[in-house]
Amino acid sequence: MTTIAPQRAKTAVFGLFLSVFLAMLDAQVVATALPRIAAEFGGTGAYAWVTTAYLLAGSVTAPLYGKLGDVFGRKRVLLGALAVFLLGSLACGLAPTAGLLIAGRVLQGAGSGGLFVSVGASLGEMFTPREGAKYFGWFSICFAVASLSGPVVGGLLTGLAGWRSIFLVNLPLGLVAVGLLTALDLPRRRKDAPFDFAGVVLLGVAITGFTLLTPWSLALGAVSAVAFAFAQRKAAAPVLPPRLFRDRTFTVSVLLSVLAGFAFLGSVNYIAVLLQADAGPAEGGLRLVPMTLAVSLSSVVASRIIARTGAYRWAPRLSMALGLLAVLGLLTVDALPLVLGCLVVFGLAAGLNLQVLAMATQNTAPRADRGAVAATVNLARALGSALGPVALGFAYQAGTHGVFVALLPVLALGLVTAFALPHVPLSR
């Protein structure tokens, strides 16, 4: 743990929260702007990549940033990722063609992958696990509010100032984050170990293949995943050390992160569509507010309980159980008040899962591997949230209820997996 003056620590934490808020907001903010983007660029079918390119680039680069932070120090890597994100935002805001817009989104996503990983790992270095629990709770709120309010913010900005504003607004806010992050005081270090470039490339190809979900891409992803596993066993400094999987807390948390990302983040756009079925974007966005507040409430309450007791295993179990109840309710009710009530329960479930798993793995990870651990958990959640829209899109073709039917086995598997999570109390 690094000792930082209390006031500087608060300033740095605000900078960390603002950085991750911007990165998560941009994962969802384009949803309601896509029709305008498609209209301006002639209705090209490539506009779907405006969302996919961002998520894919973030997933591919996350392990790279985790390793770079372990080697060169967290602060420099974090500021570098923020610079890449802001450069990508500028490129998107000025893009004259659909192709250049997608290229800008790739650049944005490449920066966001570093922000998610570096922020979580920085909190792990600044505070003990017990002290950091309350900050991870606020981190969850930023994450949840950004992901759930993204479609609403995108619709408002697009309507008021045009779709380019959803990207350009990141520039002043990002510069504020840079100023706040100057208070971040973490040790600089450099390890003279060879970098695992082969591992990074193979992992990137595997992630891309599994995300695209075509027969050829899945085959390529499977081959690359196997090659990556073998490469990690032989690498002098593997990007994802195989020894981490000897820790059951880590292994179970990674699987739970995939399932939680799929269920709670991958379904957000479909929930937004459901709420806009008989209303416009503005009113539909307002209907999301109760669920967003529920996410924030459960995150704060859970983080305070965990900080006081050190116990966390109850949270993912309760999360998956509440998620199952909420989805079963959504399959059986039609009246708007009851639908909103079920979504509140769904929000409570989401808030219990977002950062608890990150805390659990940081608690048991060796200090030298915290970047790799944070990167893997974020990667797992990002993979789940990227796979969710694709898989649920097929289910949606059978009707809105098809989405909720598809969520049932995912949440059920999550509940079973949560009971395999060992309990290692957070250290003080």
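Visitor: Which residues in α4 do Y54, Y65, G66, L68, G69, D70 and F72 in α3 meet?
Guide: In this predicted model, the contact can be read from both helices, with α3 covering residues 49-72 and α4 covering residues 74-94. By class, the contact of α3 with α4 has 8 nonpolar, 2 polar and 3 charged residues. On the α4 side, the residues that meet those of α3 are R74, R76, V77, A81, V84 and F85.

Visitor: What is the orientation of α3 relative to α4?
Guide: The two helices pack with their axes 8 Å apart and at an angle of about 155°, and their crossing is right-handed. Angles over 145 degrees count as roughly antiparallel, and therefore α3 is, relative to α4, roughly antiparallel.

Visitor: How is α3 placed relative to α5?
Guide: Helix α5 spans residues 98-126, and α3 packs against α5 with the axes 6 Å apart and an angle of about 40°. The crossing of α3 and α5 is right-handed. Because an angle of that value falls outside the roughly parallel, perpendicular and antiparallel ranges, the placement of α3 relative to α5 is described as oblique.

Visitor: How many nonpolar, polar and charged residues are in the contact of α3 with α5?
Guide: From α3 the contact draws on residues including W49, V50, T51, A53 and Y54, while α5 contributes, among them, L101, I102, R105 and V106. Divided by class, the residues of this contact are 12 nonpolar, 10 polar and 1 charged.

Visitor: Is R105 buried or exposed?
Guide: R105 has its place in helix α5, and, leaving out residues up to four places away in sequence, R105 touches D26, V30, V50, T51, A53, Y54, C92 and F167. The cut-off for burial is a relative accessible area under 20%. Because the relative accessible area of R105 is 0%, this residue is buried.

Visitor: Is T52 buried, partly exposed or exposed?
Guide: T52 is found in helix α3, and its C-alpha atom is separated by 9.1 Å from that of A27, which lies 25 residues apart along the chain. Burial requires a relative accessible area under 20% and exposure one over 50%. T52 has a relative accessibility of 27%, so this residue counts as partly exposed.

Visitor: Which element gives the largest share of the largest nonpolar core?
Guide: This core has 53 residues, and those with the most contacts inside it are L16, L101, L123, M126 and L184. The elements that give two or more residues to the core include α1 (6-28), α3, α4, α5 and α6 (129-161). The largest share, 12 residues, comes from α1.

Visitor: Which residues is L16 in contact with, leaving aside its neighbours within four places in sequence?
Guide: L16 belongs to the group of residues with the most contacts inside the largest nonpolar core. Once its neighbours within four places are left aside, the contacts of L16 are L78, V119, S122, L123, M126, L181 and L184.

Visitor: How many residues does the second, separate core have?
Guide: This core is separate from the largest one, and its members include F262, I306, M320 and L421. The number of residues in this second core is 45.

Visitor: How many residues of helix α17 are buried?
Guide: Helix α17 covers residues 356-364 and is mostly covered. Its buried residues are V356, L357, A358, M359, A360, T361, Q362 and N363. Of the 9 residues in this helix, the number buried is 8.

Terms used:
Residues are numbered from 1 along each chain as its sequence is written. This is a predicted model: local features need pLDDT of at least 70, side-chain atom pairs count only at pLDDT 80 or more; totals for chains, interfaces and linings use all residues. Side-chain values use heavy atoms; hydrogens and water are left out. Axes are lines fitted to C-alpha atoms, for helices over the stretch in contact, and angles run from 0 to 180 degrees between N-to-C directions. Helices (H or I, at least four residues) and strands (E, at least two) are DSSP runs, numbered from the N terminus. Angles under 35 degrees count as roughly parallel, over 145 as roughly antiparallel, 65 to 115 as roughly perpendicular and the rest as oblique. A crossing is left-handed if the near helix is turned anticlockwise from the far one by less than a right angle, and right-handed if clockwise. Contact means heavy atoms within 4.5 Å. Ala, Val, Leu, Ile, Met, Phe, Trp, Tyr, Cys and Pro count as nonpolar, Asp, Glu, Lys and Arg as charged, and the others, Gly among them, as polar. Buried means under 20% relative accessible area, exposed over 50%, partly exposed in between (1.4 Å probe, protein chains only). A nonpolar core is a set of buried Ala, Val, Leu, Ile, Met, Phe, Trp, Tyr and Cys residues joined through side-chain atoms within 4.5 Å.
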